[in-house]
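This report covers salt bridges and the surroundings of one histidine. Please look over the sequence and the model before reading on.

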Amino acid sequence: MHRAIAGIAAGLALLLATAALGFGVATRLWPERLRSEAEERLSRAAGTPVSIGSLRVSFGLGIEIEAFDVRVWPSPTGARLQVPRVSARPRILPLMIGRLRLRRLVLDGARLHVERTRSGSWEPPPLAALARDDDRRERPHPDELLGPLIALEVAARSLLEQPRLADTLAIRNGGVAFRDAQTDVAHAAGPTETPVALVAQGLHGQLRHRRLYGDTHLDLRARIFDATGVRGSIEWDGQRGRDGSIRLAVAASSLQLPIVAPYVRALHPGARLDGSVSGTVAYATPTPGEGRFELDLVVRDFRTQVPPPERGAFGPIEVPHARATGALEITPRGVRLESAQIDGVDLHLEAEGVVERPLQSSSLAHLSLEFRNVALEEARDYLGWFPDEEREDLAARLEPVQGGRLLTLTSRGAATLAGWRELFAGRTLTLPLGFAGEAEVADVRVRVGEANRLEELSGRFVWSGDRVDIRDARADLNGRPLPKLDLTLEGVSNLFAAPAEFEPVAIETEPLRGLRPLWAVLRRDAGSADRPEGTPAPMPTTVHLEIDVLAHPVFLWPIDDLSALIVTRDRGLHIVTNQANWRGVPIQGDADWIFEPEETLSVRLAAAPRPVDADAAAADPANRDAQPQAGPRGTNGEPKAVEGLWARGRFSIGAMVGPRWRQTRAVGRFTGVGRSVEIADVQIDLVPSGRLVGSARLDLTHPDAVPGRLGFSVADGDVATLSAALGLASGWASGQVELSGAFEGSLRPELSPFAEVSGEISLRATDGVLRQKLSPMVAIVLASGPLNPFAGRDKIRYSRIETLLEFSDGRMRTRSFSLDGPDVRVLVEGEVDLAHPLHAVDADVALFLFRQLDLALGKIPLLGVLLLGTDAGMLAAHYRLSGPWAAPEAKLIPLRSIVTGPGGIVLETGSKLLGVPQLMLKGIEELLKRDGGEPRVRPPQPTPPENPAGTPEES
């Protein structure tokens, strides 16, 4: 046994000695042959010469082959790939049967030079083949937008599924130098770029295939450098599971964005880009054709601008910090976007949706978008990054928006990708299927035309299908607040389908804030909910409007051919629009203009499709320059062009029967010019008789007052009707009346109508009676005693009342109120305080006694003058009337009788203008009355306002 063991040991020793001798000879003869063989085989495999400086084989626990100074892909500037040392460990068993399989391959200090030439070709050649993507045309949908991702998946599977060089391929302290000379090409719109030159240094990692477990792992990391120094670091991670699933991920740490700026400038010459990005981009695919793309990136100190400030209006985009997250689920049937978000200091975006495959411009996309907290001033700067066509269209549509914040914006619907692009670019207003959107804005500034601006615009906008709802919208027009707006608009697509020639209103004016105080004044005068007890309730009034043109900037676009009804209500106005054209589109609806407690305009409109022949009619030169038919006209009968005209039309009011006002109809025309509304050619048929004509100019731009002018006259009117209109007790007088007047000043709801106006009224009443219901008359009766000329009479007949009433400082004054009749003659001089609620009276009243005797004596031409004196009365009783109108106090003044009757001839002078005594004036008057008519010397008539319907002046 021992001899057998010893024999075996001796045999092994001989074998080892022989092997040692053979190894010694092989180490001197085999490496050189092996190097030459390796260069030949590698050159055929790579399709390019491969050189190996030296090769060494060593034996230990296994065989290790080392190659030094390996060079691949020679070029005029040197080999594209240079590896100072390559270490390979082949598997023993395959090697024994003549096959070379490497268990491990290590590249130490490898340097790869990648370049894209000015012509666009890539070096080294394998990259050129990858860029060509030769198998792209063999795919079912070669033009699909997911093509780059599909190519990445194909390359990743090829790399991870089967080991190509070794089971484990490791890189130590490697590097990749990248140079892109194509960015050196000069652009027509910008300067010549220097070539991109980047270096990935400190490249470490390995690609490991585990045959036993059937999986693959990729781990690679490097730092990125350029000419200025370190520009960040990148890590690649890849895995392939036993089930064939693949996951790839790229993680960046403080990667500086300027390294990609040349590629940005290739799209937008002159653009600037600063900032850094950190985060991860990952793609996982369980089987070919399906995958999930995820990203989670953080951008810091982001700043970009295109074009530069000296060449355009787009300002820089500055984002101190923002995070982008999201996922894209890819299946053969479609692509689902899940919870894509961008969160920044001044921006939040969320997006979800599904797009059918193949992913092309014609693919149907169901999308849901939400923006929050967007500064519109900064959002405008993002337009610079859009393609030229989209940028120009969007910039033109958003140019009027000058600032503000978009608090929220959500939208959803279904359309093709091309349709969504057209919608976002502002080139179409065709809404996606099932479209719904909602927005809330604050502090928005919008320019309306060239002359007007909306400021402090806020509110909520809801767009669903073909309907838009605006709620709680508030804004200032040219610095003046508008009423709160609630609007419902049906058929919004018809409105926005109007041709582009319908420009926004360009007339500069202010909101009609004076409607509220005007309504309050009229309501107060007609009675209201807070009226004193016994005051009549407001009388509903319906006004029919026919408006030829309404071009006020509050409506954004002009409105023409408007027919509407306005009905007064307790808290405001109800407006019904029978027909109108807004932006050339037929509309109808109704509105409530509520003045209390907050001025609110609630509008409900429906827009119909634009008539087919409307475009042809608008293009007809005969119609293009047509002017509205209402308004001032020239000598040839054509309408005059009025600068600043924003409204022109007519109005009519039907029958009104109330405690204060009665009429059968009222008509007139109006124009809105600048700050004022001109009302002209007003004619009102009164009940039971009479006609009122007049004109006015009202400034409706003040929130607390209505400045203006008024001129009017009444012919054949009824004393009782006009008395009721003035708020006097009903039934105190009768007769026919003629009057004319003119006023100028301001109306304020909290003040008397006469508090801030001045003017005069000339009045003449005939053939009526007075009843002792008027408080001043009652006071005189009580103070008269034996001189009472009204004794035993309930009615006092009069043949004529004449006066000129002057109004100023809230007071009504008269210097010559005269009442003549068979029962009494009265002369009054004094004033009434109209501004104070008590209406204090301060007047001198003369009652002429023995009226029948005075009438008889007055028929004798000369004797009548001598006996009756200057006041045509033998004897008069004089009273001092003072105190409130409702209960004045009358005091008899006996001494005033001395200057009446015959004594007046001597003691009183005549007209100061003529310088003659009253005796001569009476004689002249008698001579003028020989034809039996009235005296031809009449009270002065008020002068109506000049040119009431013309161009207004400042109130």
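A residue is called buried when its relative accessible area is under 20%, exposed when it is over 50%, and partly exposed in between (1.4 Å probe, protein chains only). The structure is a predicted model, in which local features need pLDDT of at least 70 and side-chain atom pairs count only at pLDDT 80 or more, while totals for chains, interfaces and linings use all residues. Residues are numbered from 1 along each chain as its sequence is written, and side-chain values use heavy atoms, with hydrogens and water left out.

**Salt bridges**

A salt bridge here is a side-chain nitrogen of Lys or Arg within 4 Å of a carboxyl oxygen of Asp or Glu. By this rule the model has 51 salt bridges. The table gives three of these pairs, with the N to O distance.

| Pair | N to O distance |
|---|---|
| Glu455 and Arg453 | 3.1 Å |
| Arg467 and Asp469 | 2.8 Å |
| Asp844 and Arg880 | 2.5 Å |

Asp844 is in strand S40 (residues 840–849) and Arg880 is in strand S41 (residues 875–884), so their salt bridge ties together parts that are 36 residues apart in sequence. Strands (E, at least two residues) and helices (H or I, at least four) are DSSP runs, numbered from the N terminus. Asp844 has a relative accessibility of 24% and therefore counts as partly exposed. Arg880 is partly exposed too, because its relative accessible area is 35%.

In the pair of Glu455 and Arg453, Glu455 is partly exposed at 21% relative accessibility, and Arg453 is partly exposed at 37%. In the pair of Arg467 and Asp469, Arg467 is partly exposed at 33%, whereas Asp469 counts as buried at 12%.

Salt bridges can also link up into a network: Arg56, Glu64, Glu66, Arg85, Arg89 and Asp108 are joined in this way.

**His268**

Where is His268 found? His268 is in the loop between helix H5 (261–267) and strand S12 (272–285). His268 has a relative accessible area of 10%, so this loop residue is buried.

Which residues does His268 touch, apart from those up to four places away in sequence? They are Val306, Gly384, Trp385, Phe386 and Arg391, where contact means heavy atoms within 4.5 Å. Gln305 is 37 residues from His268 in sequence, and the two C-alpha atoms are 9.8 Å apart in space.
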